Amino acid sequence: AFSAPVNTGDFSRAGIYGPNDGNTSSLRDLQATGNSFTNLSFGGIYVEEMQDSVISGNQFTGNWAGVFLDKRYLNGGRDVHGVEVSGNTFTNQTGPAVTFTALLVGLGPGMVVSGNTINVNVGILYDARGAIVTSLASALTHSPVSIRDNTLTFSGAFGTVTSTWGVQLAGDGPIVIEGNAFDGNDIISSGTPPFAAIYIVANSASRGQRNDPVTIECNDITDFVHGITVYDPVAAQGGNLAAGTMINVHSNNIVGNSLFGIFNGTTAGASATIDANGNWWGAPSGPSGAGPGSGDAISANVLATTFLTGPVTDCTELSITKTDAPDPVAPGQQLTYTIIVTNSGAGSATGVVVHDTLPASLTNIVTSGCAEDPSGGAVCTLGTISGGASAAYTITGTVSPDAPSTLTNTATLSATGIPAD
């Protein structure tokens, strides 16, 4: 157990503190499990460089920050990569629960925030930050960050701090936000940008402009002022996403947000369009505002021409089937496998890949329907499969003369945008 007297103005206490010590040291292979971090003014875990570590099953209570990874000092040393923050409980931090910062070296792969329970009392906040923050310099190349299956619940009444957010995306870097439950509990806020489940910073004076994609799928976003908000603090205006920035919002329940379900500026064409097709807005007629219906409102620069007529209950489920022909097959004959991947859920599955362990006695293999054609036998990339849709491809090869009487072929699935079942 790590604890100290509460003092939000004294940034000298941390449960686990890992500076990079003049760019010569880093923290690697940390397994922080089953600990209690309480009333620590610099954070439960504050590390400037960390790799290949798991922070899981801990209790963070009353700290300024829960987990703060802060790669902002000294260009040397190592990057931050392979860090999983999962299954923790964060209660009443006065700042962020989880922060990933990378300002001098691009964020590496394997950065995950998943399965955490985050409870925020807005009345005790020390400064206006998100509960989960990515702060990644736009001039660098970053690997994707996955924020998934977390539960974020807000309570209390705003005091000195007048706004906060469930997830705050500052700077750049590809981000996937999926399967989370955000509950704003109808707290009244007068802050700018407004109290929101997800705040996308269009342009930051210190972090730069957002250009990389953000995927927001299969979340419950309820009872905020804005469900999702885009704001440019440099220009002090809503929206203002750079042309070509891809923000994809699909298969979410966006319900009960008092002003907007999604806000992306007031002037049409002044911000890159958010693709928000295929969400439930709380009414079968679709979103209100710039939309056609009576559900949660959308602003200008939000595309929602298609919408769900009921809540999302089963977001996505990928399955795979395989057939072979001819069956039986003789040595020396050609054998063709047909593989079909089906997404029976409502949300799009992105980055779908089939990994196939083919029989050693199948030679001269050729594929059709893969990004790797004609060499997609072992790995076949199918890309995005929309909800309710399927993708198919074939593998053809010649059975060798010394083939055994039974040929065994096993295929497995993976997907980056939404986990495959």
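Student: Which residues are in contact with A202, leaving aside its neighbours within four places in sequence?

Tutor: This is a predicted model, in which local features need pLDDT (the predictor's confidence in each residue, from 0 to 100) of at least 70, side-chain atom pairs count only at pLDDT 80 or more, and totals for chains, interfaces and linings use all residues. Residues are numbered from 1 along each chain as its sequence is written, and side-chain values use heavy atoms, with hydrogens and water left out. Contact means heavy atoms within 4.5 Å. With neighbours within four places set aside, A202 touches Q209, R210, V230, Y231, D232, G239, N240 and L241.

Student: Is A202 buried or exposed?

Tutor: A202 lies in the loop between β21 (196-201) and β22 (203-204); strands are DSSP runs of E, at least two residues long, numbered from the N terminus. Buried means under 20% relative accessible area, exposed over 50% and partly exposed in between, using a 1.4 Å probe and protein chains only. The relative accessible area of A202 is 0%, so this residue is buried.

Student: Which loop holds D172?

Tutor: D172 is another buried residue, because its relative accessibility is 3%. Not counting residues up to four places away in sequence, D172 touches L136, S138, H142, Q209, R210, N211 and D212. Its place is the loop between β18 (165-171) and β19 (175-178).

Student: Nice, now the sheets! Which strands stand at the edges of the open sheet of 4 strands?

Tutor: Two strands pair if DSSP finds at least two bridges between them. The order in this open sheet is β35-β36-β40-β38, with antiparallel pairing. Two of its strands have a single partner each, so one side of each is left without a neighbour in the sheet; these are β35 (318-325) and β38 (362-368).

Student: What is the bridge partner of K322 in β36?

Tutor: β35 and β36 (residues 334-343) run antiparallel and are joined by 8 bridges. Within β36, K322 has as its bridge partner I339.

Student: And which residue in β41 stands opposite H355?

Tutor: β37 (residues 349-357) pairs with β39 (residues 379-385) in the antiparallel sense over 5 bridges, with V354 partnered by C380. β37 is also joined to β41 (residues 410-414), again antiparallel, by 5 bridges. Opposite H355 in β41 stands T412.

Student: Where does pLDDT stay under 50?

Tutor: The protein chain has a mean pLDDT of 90, and 92% of its residues reach 70 or more. For the stretch under 50, the model has 14 contacts beyond four places in sequence; that stretch is residues 5-11.
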